[in-house]
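Biologist: I should like a close look at a single part of this structure and at how that part fits into its surroundings. Please keep to what the coordinates themselves support.

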Amino acid sequence: FDSEDALIRFVYKDKEYVNPNIAKLKTTELKDNEITISLDPGCAFGTGTHETTSMCAKILDGMVTSEDKILDLGTGSGILSIICDKLGAGKIEAIDIDPLAVDVARENCIINGCEDIDCYAGELKDAKASDYSIVVANIIADIIAAIASDVPSKLKEGGRFVCSGIINTKKEKVEQALKDAGFTILEKHEKNDWMAYVCALT
């Protein structure tokens, strides 16, 4: 992965996502249904190559509308927030516990013309609103299990919780935590050894 000039390309009409390591791709080669995201992940997680990121991207592609208010929890490089912005989401907040990751995400947002994304440091409890239509968390299984009970207080009625970063050996733990928090799992996605879920409150 070449962080200096690598491009992330995802096809959002037929949901066929492409490996981001395509540094030689020229804008003129893009099709009408393709979006290119320029990304320098620095030391933050989120290059688009990981299974969990690509699963989240596909899920969001089929979900995001202009009416959505989205919280990207553990934003890392900001990739999922940028994807949501490119898909036309109304309002996006990108939060990460690591201030360095927030700096990376903010810079990536600027590079991609997504300056309207609100990037800031913090945890779930520091989120600025309590009426998000989508909360997306691509982090790790243990943290998702730990925060599951706190997510409902941040979702509006009918909102969705998209979570990934879950190794399949810990899926039972996460699924139980989601159930205990009052969520129904609407969709399960699996890629290699990784899981992603779309959840709604029961």
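**Leu-80 and its surroundings**

Modeller: Leaving aside residues up to four places away in sequence, Leu-80 touches Thr-53, Cys-56, Ala-57, Leu-60, Asp-72, Val-136 and Asn-138. The model is a predicted one. Leu-80 itself belongs to helix H2. Its relative accessibility is 4%, and Leu-80 therefore counts as buried, the limit being under 20%. One of the contacts, Leu-60, is 20 residues away in sequence, while the C-alpha atoms of Leu-80 and Leu-60 are 8.4 Å apart in space.

The contacts can be followed outwards, beginning with helix H1. This helix spans residues 51-61, and ten of its eleven residues are buried. Among the buried residues of H1 are Thr-53, Cys-56, Ala-57 and Leu-60, and these four are also contacts of Leu-80. Glu-51 and Asp-61 of H1 are buried as well.

A further contact, Val-136, leads to strand S6. S6 covers residues 132-138. Seven of the seven residues of S6 are buried, so the strand is largely enclosed by the rest of the structure. Asp-72, which Leu-80 also touches, has Val-136 as its bridge partner in S6. Strand S3, residues 69-73, pairs with S6 in the parallel sense over four bridges. Leu-71 has Val-135 as its bridge partner in S6, and Glu-93 as its partner in S4. With strand S7, residues 155-167, S6 shares six bridges, and these two strands run parallel. Val-136 stands opposite Val-162 of S7. S6, helix H4 (residues 141-147) and S7 together make a right-handed β-α-β unit.

These strands belong to an open sheet of seven, ordered S5-S4-S3-S6-S7-S9-S8, with mixed pairing. Its edges are strand S5 (118-121) and strand S8 (183-191), each of which pairs on one side only. On average, neighbouring strands of the sheet are turned by 15 degrees against each other, direction ignored. H2, the helix that carries Leu-80, packs on this sheet and touches S3, S4 and S6; the direction of H2 makes about 175 degrees with that of S4. Elsewhere, helix H5 (residues 171-180) lies across S7, S8 and S9 and runs at about 5 degrees to S9.

On the S4 side, five of the six residues of that strand are buried. S3 and S4 pair in the parallel sense over five bridges. The chain passes from S3 through H2 to S4, and this β-α-β crossover is right-handed. S4 then pairs with S5, again in the parallel sense, over four bridges, with Ile-95 opposite Tyr-120 of S5. S4, H3 and S5 also make a right-handed β-α-β unit.

The elements around Leu-80 also contribute to the nonpolar interior. The largest nonpolar core has 29 residues, of which Val-64, Ile-70, Ile-117 and Val-162 touch the most other members. H1, H2, S4, H3, S6 and S9 each supply at least two residues of this core. Apart from this core lies another, of 28 residues, including Tyr-120, Leu-124, Tyr-132 and Cys-163. Returning to the largest core, Ile-117 touches Ser-81, Ile-82, Asp-85, Ile-92, Ala-94 and Cys-109, not counting residues up to four places away in sequence.

A contrast to the buried Leu-80 is found at Asn-192, in the loop between S8 and S9. Asn-192 has a relative accessibility of 56% and therefore counts as exposed. Most residues other than glycine have a negative phi. Asn-192, which is not a glycine, has a positive phi of about 55 degrees.

For the chain as a whole, the secondary structure comes to five helices and nine strands, arranged along the sequence as β-β-α-β-α-β-α-β-β-α-β-α-β-β. Of the 202 residues, 52% count as buried. Among contacts between residues at least 6 apart in sequence, 65% join residues at least 24 apart. The accessible surface of the chain is about 9400 Å², and 48% of that area belongs to carbon and sulfur atoms.

Notes
Residues numbered from 1 in each chain as written. Predicted model: local features only at pLDDT ≥ 70, side-chain atom pairs only at ≥ 80, totals over all residues. Heavy atoms only, no water. Core = buried A, V, L, I, M, F, W, Y, C linked by side-chain atoms within 4.5 Å. Buried < 20%, exposed > 50% of the residue type's maximum accessible area, 1.4 Å probe, protein only. Contact = heavy atoms within 4.5 Å. Areas by Shrake-Rupley, 256 points an atom, 1.4 Å probe, with all protein chains shown as cover. Pairing = 2+ DSSP bridges. Right-handed = clockwise from strand over helix to strand, strands pointing away. Axes fitted to C-alpha atoms, helices over the stretch in contact; angles between N-to-C directions.
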